[in-house]
Each structure stands twice: as C-alpha cells, then as structure tokens.
Amino acid sequence: MIKHWIVENDVDNKESYPQIVDAARILQQNEVVAFPTETVYGLGANAKSDEAVDKIFKAKGRPSDNPLIVHISNKDQLIELVEDIPASAEKLISSYWPGPLTLIFHKKDGVLSEKVTAGLDTVAIRMPDHPVALAIIEESGLPIAAPSANRSGKPSPTTAQHVIDDLEDRIIGVVDGGETGVGVESTVVDCTGPAPVILRPGGVTKEQLQEVVGEVGVDPSLKEGKGVPKSPGMKYTHYAPDAPVYLVDGTREDVQKLVDEKRDEGLKAGVLTTDEFVNDYRADVVLSVGRRDDLKTVAHGLYDTLRAFNNRDVDIIFAEMFPEEGVGLAIMNRLQKAAGYRVIKA
C-alpha cells in the first residue's frame, strides 16, 4: 500500500510535520517519493545515486536517454553541482528562483549520477517555489532528481490522486500538498551558450525572461521533438490521454465539421475547448480547459482536462489551438506533444 502523507501547504517548521521527515528519510534510503511543487507533482530520488535514479525510470517507464531535472533548496547546493554560474543565469536566479524556471549549467564531474544527465556534460537544475518541496529537499540534505510523477507519456499530475492513479504499485509514497498552482512544468533555459535558449516553455514566459536578460532564443527542435534531448520534454510523445488527440488549425465550425464526420462513422468524438465556447459544440464529450481570455487558467487546467477524457467514453479528441505568446507557448508545446504533432489545417 502506497504511503499517503497529507500536509498543509504553509509549512513553516518541519518539527510540526513528521510526514516531511518520514519522506526525507525514505529519499535518503535511495527510494522514490512523490511530492508537490508549484508546477506539477514530482517523482523524487537522490540525484547522486544510480540505484535511486534507476527507480525513477522504472516507476515511470521512462527512456533513460531523457535527462532529469535536479531540485535544490538553496544556492549552496547549486555551487556544489555546477562548474560555473554564467552572468545570465545569475540574473535569472535573482529574478525567478525559487520559481518555475529550470536552468542548464555545465556540471561538475563525479557529483551527480550519470543517469540524471543521460551522459551529457550539462545538468538541469531548479529551485521550486513550494514550501513542501523545499522542506523535503532541505530535510533530506540531498539534491533531488524529480521528473513529473506520472507514467511516461501520460498527462502530468496536478493532484496527489493523479499520482496514485498512475504509480500506486510502483513507488513508496506521495506527499499530498493539494492541487498544484501553475499546472504546466517549469520553463527550461540553456545558459551554457553565448545567449540563453529556451529548451522547454513553461511557467516563466519568454517575454518575462527577456525583461531580465535581453534576447532569448527558442530551440528549433521544440516543434518536432527530434534530436538528442538536453532537457526533459524535448523528445517523445508526452501528456497524452488514451484517445488520440488532433489539434485543429481552423474555426469552431471546422472543429464541428470534423466531429460530425467522425460521429457519422460511428465514433465517439470529444472536443477540448474553453469556457467561452463550451456550449457551441455538438459532440459526445465537450470539456473546457479554462478561459481563453486568461491563458493562465488554461495552463492550470490542461493536464486535469486531458486526464478527464480518460474517464469519458471517447474514441477521438479534437482540440482548439491557442496563440503562442506568453504562457500560450507552453500550452501549445504540451498540446502538440499530447497530439503527437498531429495538426489538421482546416
């Protein structure tokens, strides 16, 4: 039976929360534990131990060439793990740590498990902005490797129940801090080159990054998911519900026509839309992911909505598209991966 520790989100002293001490001790024993961050739930293990990191890959069914993000609770840990901190990274750390921003550095040799970095000479590191996550990392005294706490390829978990649904018989326990806030994973920025480059869009937008460090590039492989991944989320289909997803580059009328065609074929069709248009469709299942006039609500609700389709009897899902500005870049990145890059141009 999986351990299910329930804690409040406003952890101010670990002595009042034996659950956090218990979870940290299990991490020290090179076992895996899921815990909340401000983005999604992470599946944590000792980033220095091959044995522990292997258990992450086994629990998730994750390809071992996909590097992991290392989570830390203070800057001293960062200095222990990396060769140097570029000026651009220093500025971003000052502005967005703790927070939903992962930075890529040249790693120090011999400190982390090679399995964390998938054999690369770089490492992805972030400091989460969640009191429970920070308390667990601090209590463990370890850098914690932590991808999202779901089966590989499925929608990331934004509640402890999502973790239990996916991994109940695969991990020791989950620390339940309630629903996560941002809803999509951290932004990943490579700081090892002459200028910062976004490898995965997320909770900190390109526009926000540029306010701090000037021009920021976007890795071209984001569109195809090809090449050797320097960051989690750059390869393989992710975030997918059980039924196939198709993005529709067109009007609501175009979406409805596709739905009608599939229903005429005897298939049950679903539509992923927003509050503004949820009543405009005639389909077997119509789910709203949030409000189009506030894309943060879409980011927050995206994974829960994709998972909700699994509890509704549909054979195919058509999803509306969103402008790739601000957090919309992260939303579309996740939807493209959920759809396996299948886009119907109407």
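**Exercise 1. Which residues touch the most other members of the largest nonpolar core?**

Solution. The model is predicted: local features need pLDDT of at least 70, side-chain atom pairs count only at pLDDT 80 or more, and totals for chains, interfaces and linings use all residues. Residues are numbered from 1 along each chain as its sequence is written, and side-chain values use heavy atoms, without hydrogens and water.

Step 1. Fix the term: a nonpolar core is a set of buried Ala, Val, Leu, Ile, Met, Phe, Trp, Tyr and Cys residues joined through side-chain atoms within 4.5 Å. Buried means under 20% relative accessible area, exposed means over 50%, and partly exposed lies in between (1.4 Å probe, protein chains only).

Step 2. The largest core has 48 residues, and Trp97, Leu103 and Ile125 touch the most other members.

Step 3. Among the elements that each supply at least two residues are strand S3 (41–46), helix H2 (50–60), strand S5 (101–106) and strand S6 (122–126). H2 gives the most, with five residues. Helices (H or I, at least four residues) and strands (E, at least two) are DSSP runs, numbered from the N terminus.

**Exercise 2. Describe the backbone at Pro98, Asn30 and Ala118.**

Solution. Step 1. The peptide bond from Trp97 to Pro98 is cis, with omega near -10 degrees. Pro98 sits in the loop between H4 and S5.

Step 2. Asn30 is not a glycine, yet has a positive phi of about 65 degrees. Asn30 belongs to the loop between helix H1 (18–28) and strand S2 (33–36) and counts as buried because its relative accessibility is 16%.

Step 3. Ala118, also not a glycine, has a positive phi of about 55 degrees. This residue lies in the loop between S5 and S6; at 29% relative accessibility, Ala118 counts as partly exposed.

**Exercise 3. Where in the chain are the partners of the Lys55–Glu31 and Asp260–Arg282 salt bridges?**

Solution. Step 1. A salt bridge is a side-chain nitrogen of Lys or Arg within 4 Å of a carboxyl oxygen of Asp or Glu. By this rule the count is 20.

Step 2. The closest N and O atoms of Lys55 and Glu31 are 3.1 Å apart. Lys55 is in helix H2 and Glu31 in the loop between H1 and S2, 24 residues apart.

Step 3. For Asp260 and Arg282, the closest N and O atoms are 3.7 Å apart. Asp260 lies in helix H8 (residues 252–264) and Arg282 in the loop between strand S13 (269–273) and strand S14 (285–288), so the pair ties together parts 22 residues apart in sequence. Arg282 counts as exposed because its relative accessibility is 51%.
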